[in-house]
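Here is a short note for a colleague who has not looked at this structure before. The points below can be read alongside the sequence and the model.

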Amino acid sequence: MAERDKQSTADPVASEDAGVDFATTVERLEKLVERLESGELTLEGSLAAFEQGVRLTRDAQRRLDEAELRVRTLIERPDGGADLDPFSAPTEGEGER
């Protein structure tokens with residue numbers, strides 16, 4: 001049973017390059033959370049899944065930080081200032097794009 005948990009928590013794609021996009025990282029994290037919340041994993045399996053979740057979370061945060069830096073670089077004025085407008089969520093009529 002412990003062997004099954006090791007296999008079920010091991011993510012074969014996690015060892016690949018970090019060439020996956022942000023959405024895929026978040027999707028993997030959501031699936032991991034579902035498995036953890038299901039209560040079907042052993043303690044060892046839960047710990048392995050938690051460790052993988054921490055890695056995915058750190059990767060997602062790194063990507064967000066990099067994106068924020070790029071946006072700030074793009075909107076910064078030559079004098080060093082920036083015209084920052086507060087973000088507002090779309091209204092009901094606009095929906096997601």
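Is Lys31 buried, partly exposed or exposed, and what is its relative accessible area? Lys31 is partly exposed, because its relative accessible area is 48%, and a residue counts as partly exposed between the cut-offs of 20% and 50%. The numbered points start with the model as a whole and then return to this residue.

1. Confidence. This is a predicted model. The chain has a mean pLDDT of 79, with 70% of its residues at 70 or more. Among the elements, helix H2 (residues 22-38) has the highest mean pLDDT, 95, and helix H1 (residues 2-9) the lowest, 47. Over residues 1-17 the pLDDT stays under 50, and the model has 19 contacts beyond four places in sequence for this stretch. Any reading of H1 should be set beside that mean of 47.

2. Overall make-up. The secondary structure consists of three helices and zero strands. Read from the N terminus, the order of elements is α-α-α. The chain has 97 residues, and 16% of them count as buried. About 8,000 Å² of the chain is exposed, with carbon and sulfur atoms supplying 54% of that area. Of the contacts with a separation of 6 or more, 62% are between residues 24 or more positions apart.

3. The span of H3. Helix H3 covers residues 43-75. How far apart are the end C-alpha atoms of H3, and what span should its 33 residues have? The end C-alpha atoms are 48 Å apart, and the span expected at 1.5 Å a residue is also 48 Å, so the two values agree.

4. Buried positions in H3. Eight places can be listed here: Gly45, Ala49, Gln52, Gly53, Leu56, Asp59, Ala60 and Arg63 are buried in H3. The list holds charged residues as well, among them Asp59 and Arg63. Leu56 counts as buried because its relative accessible area is 9%, under the 20% cut-off.

5. Between H2 and H3. Which residues does Leu56 touch, leaving aside its neighbours within four places in sequence? Leu56 is in contact with Thr25, Arg28 and Leu29. The C-alpha atoms of Leu56 and Leu32 are separated by 9.8 Å, although these residues are 24 apart along the chain. A second pair is Arg35 and Ala49, 14 residues apart along the chain, with 8.3 Å between their C-alpha atoms. Arg35 lies in helix H2 and is partly exposed, at 28% relative accessibility, whereas Ala49 is one of the buried residues of H3.

6. The salt bridge in H2. Side chains of opposite charge can pair when their charged atoms come close. Glu27 and Lys31 form such a salt bridge, at 3.9 Å from N to O. The two residues are separated by about one helical turn, because they are four residues apart in helix H2. Glu27 is partly exposed, at 44% relative accessibility, and Lys31 is partly exposed too, at 48%.

7. The salt bridges in H3. How many salt bridges does a search of the whole structure find? The search finds five. One of them joins Asp59 and Arg63, whose closest N and O atoms are 2.9 Å apart. These two residues are four apart in helix H3, about one turn, and both are buried. Another salt bridge joins the side chains of Arg62 and Glu66, at 3.0 Å from N to O. Arg62 and Glu66 are also four residues apart in H3, so about one helical turn separates them. Arg62 is partly exposed at 35% relative accessibility, and Glu66 is partly exposed at 41%. Asp59, Arg62, Arg63 and Glu66 are linked in a network of salt bridges.

8. A nonpolar surface patch. Which residues make the nonpolar surface patch of about 290 Å²? Val71, Leu74 and Ile75 make this patch. Val71 has its place in helix H3, which runs over residues 43-75. Val71 counts as partly exposed because its relative accessibility is 46%.

Key
Residues are numbered from 1 along each chain as its sequence is written. This is a predicted model: local features need pLDDT of at least 70, side-chain atom pairs count only at pLDDT 80 or more; totals for chains, interfaces and linings use all residues. Side-chain values use heavy atoms; hydrogens and water are left out. pLDDT is the predictor's confidence in each residue, from 0 to 100. Contact means heavy atoms within 4.5 Å. Patches are made of residues with over 30% relative accessible area and no salt bridge: like charges are joined within 9 Å, nonpolar side chains (Val, Leu, Ile, Met, Phe, Trp, Tyr) within 5 Å. Accessible areas come from the Shrake-Rupley method with a 1.4 Å probe; for residues, only the protein chains shown count as cover. A salt bridge is a side-chain nitrogen of Lys or Arg within 4 Å of a carboxyl oxygen of Asp or Glu. Buried means under 20% relative accessible area, exposed over 50%, partly exposed in between (1.4 Å probe, protein chains only). The expected span of a helix is 1.5 Å times one less than its number of residues.
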